[in-house]
Amino acid sequence: MLLRGQTAVVTGAGRGIGRAIARRLAAAGAHVAITSRTAEQLHETQKCIERDNGRVLSVVADVTREEDVERLFAETAEVLGPVKILVNNAGIAPVAKIEEMEPHLFDTLVRTNMRSVFLCTRAVWDGMVKSGGGSIVNISSVAAHDPFPGLAAYGGAKAFVTTYTKGLAEEGRPHGIRVYCVAPGAVETVMLRGAFPEFPEDQVLQPEDVASLVELLLMPGARYSSGESITIRKS
Ligand code: NAP
């Protein structure tokens with residue numbers, strides 16, 4: 001229970017990696033606010049955490065929208081208290097080569113994979129500075145440095161997340177704010193199967209593998225590794 005009583009926010013926690021991270025943080029004693037756009041999936045995650053006796057708040061929100069993000073963090077602060085942990089996990093991975101990538105899809109990709117990280121981080125930053133620190137984990141991808149055809153824009157957006165993490169870690173250091181990046185390879189989720197239905201099962205991580213790494217980064221032993229991007233992959 002090393003995160004006992006700490007308030008955490010996990011974006012994109014309706015399924016997949018975000019759900020596994022939210023469950024893991026709650027099991028470590030954190031009070032977890034979870035968010036995604038689909039209420040039914042969010043409530044499924046909520047039920048899992050409550051079954052394990054965890055404390056959880058569900059907030060349906062679109063993290064690309066400033067007003068939704070403001071509401072998410074206001075409700076979280078009111079119900080669970082000041083946020084000490086933020087996991088920027090929400091993302092989309094449309095597979096589209098340059099000739100298939102419509103500008104509106106590109107904009108949605110940028111808003112979801114980049115803008116949301118900025119908006120959510122900005123929403124917690126001041127509170128973390130005032131309360132003497134906090135931890136932020138951003139979920140990137142191995143595609144940030146190794147994009148398959150069709151994932152050029154996705155990989156570029158995830159490269160932003162990696163570099164943004166490094167820069168924010170420098171800005172946060174004097175305030176006790178730690179910022180990490182986790183870059184998974186293939187993970188068994190709706191996203192993976194939507195993009196690559198045939199990806200070999202024996203080369204795929206489970207969402208819980210990523211959740212374990214996120215939990216490790218939140219422990220005191222990782223405090224001198226702020227700014228780092230950690231790759232986790234099976235293939
Ligand atoms: P997933 O199964 O598709 O789940 C994504 C979650 O994000 C869902 O709960 C989704 O819910 C939410 N989300 C998407 N857009 C959102 C928005 N605008 N506002 C709020 N929530 C939003 O994906 P996943 O595989 O778990 O991926 C999680 C993260 O890991 C992503 O950042 C992804 O890029 C990264 N990643 C995944 C893999 C992989 O192989 N699976 C590999 C490397 C990195 P709604 O659609 O209901 O909002």
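This briefing walks through a strand, a helix, an aromatic cluster and a pocket in the structure above. The model is a predicted one, so please read every value here as computed from it. Strand β1 (residues 7-11) is a good place to start, as five of its five residues are buried. From there we move to helix α7 (residues 207-217), whose buried residues pack against α1, β4, β5, β6 and β7, and then to the rings and the largest pocket, which has a volume of about 1000 Å³.

**Strand β1 and its neighbours**

- Thr7, Val9 and Thr11 point one way from β1, while Ala8 and Val10 point the other way, and all are buried.
- On one pairing, β1 runs parallel to strand β2 (residues 31-36), with five bridges joining them.
- Within β2, alanine 33 is the bridge partner of valine 9.
- β1 also pairs with strand β4 (residues 83-88), again in the parallel sense, over four bridges.
- In β4, leucine 86 is the residue that stands opposite valine 9.
- Helix α1 (residues 16-27) joins the picture here: β1, α1 and β2 make a right-handed β-α-β unit.

**Helix α7**

- Pro207, Val210, Ala211, Leu213, Val214, Glu215 and Leu217 are the buried residues of α7.
- Among the elements that these buried residues pack against are helix α1 and the strands β5 (134-139), β6 (177-184) and β7 (229-232).

**Aromatic rings**

- The count of aromatic pairs comes to three.
- Phenylalanine 148 and phenylalanine 196 have ring centres 5.5 Å apart and planes at 75 degrees, so this pair is edge-to-face, a label given to angles over 60 degrees.
- This pair links distant parts of the chain, 48 residues apart: phenylalanine 148 lies in the loop between β5 and α5 (152-172), and phenylalanine 196 in the loop between α6 (190-195) and α7.
- Phenylalanine 148 has a relative accessible area of 45%, so it is partly exposed.
- Phenylalanine 196 is also partly exposed, at 23% relative accessibility.
- Together, Phe148, Phe196 and Phe199 form one aromatic cluster.

**The largest pocket**

- The volume of the largest pocket is about 1000 Å³.
- This pocket is lined by 46 residues, of which Gly91, Ala93, Tyr154, Thr189 and Met191 are the closest to its centre.
- α1, β2, α4 (103-130), α5 and α6 are the elements that give two or more residues to the lining.
- Helix α6 provides the largest share of that lining, with four residues.

Terms used. Residues are numbered from 1 along each chain as its sequence is written. This is a predicted model: local features need pLDDT of at least 70, side-chain atom pairs count only at pLDDT 80 or more; totals for chains, interfaces and linings use all residues. Side-chain values use heavy atoms; hydrogens and water are left out. Buried means under 20% relative accessible area, exposed over 50%, partly exposed in between (1.4 Å probe, protein chains only). Two strands pair if DSSP finds at least two bridges between them. A crossover is right-handed if, with the strands pointing away from the viewer, the path from the first strand over the helix to the second runs clockwise. Contact means heavy atoms within 4.5 Å. Rings of Phe, Tyr and Trp (its six-membered ring) pair if their centres lie within 6.5 Å; planes under 30 degrees apart count as stacked, over 60 as edge-to-face and the rest as tilted. On a 1 Å grid over the protein atoms alone, a cavity is a set of points where a 1.4 Å probe fits but cannot get out, and a pocket is an open set with protein on both sides within 12 Å along at least five of seven lines; lining residues have an atom within 4 Å of a point. Grid points are joined across faces, edges and corners, and a volume is the space filled by probe spheres set on the points.
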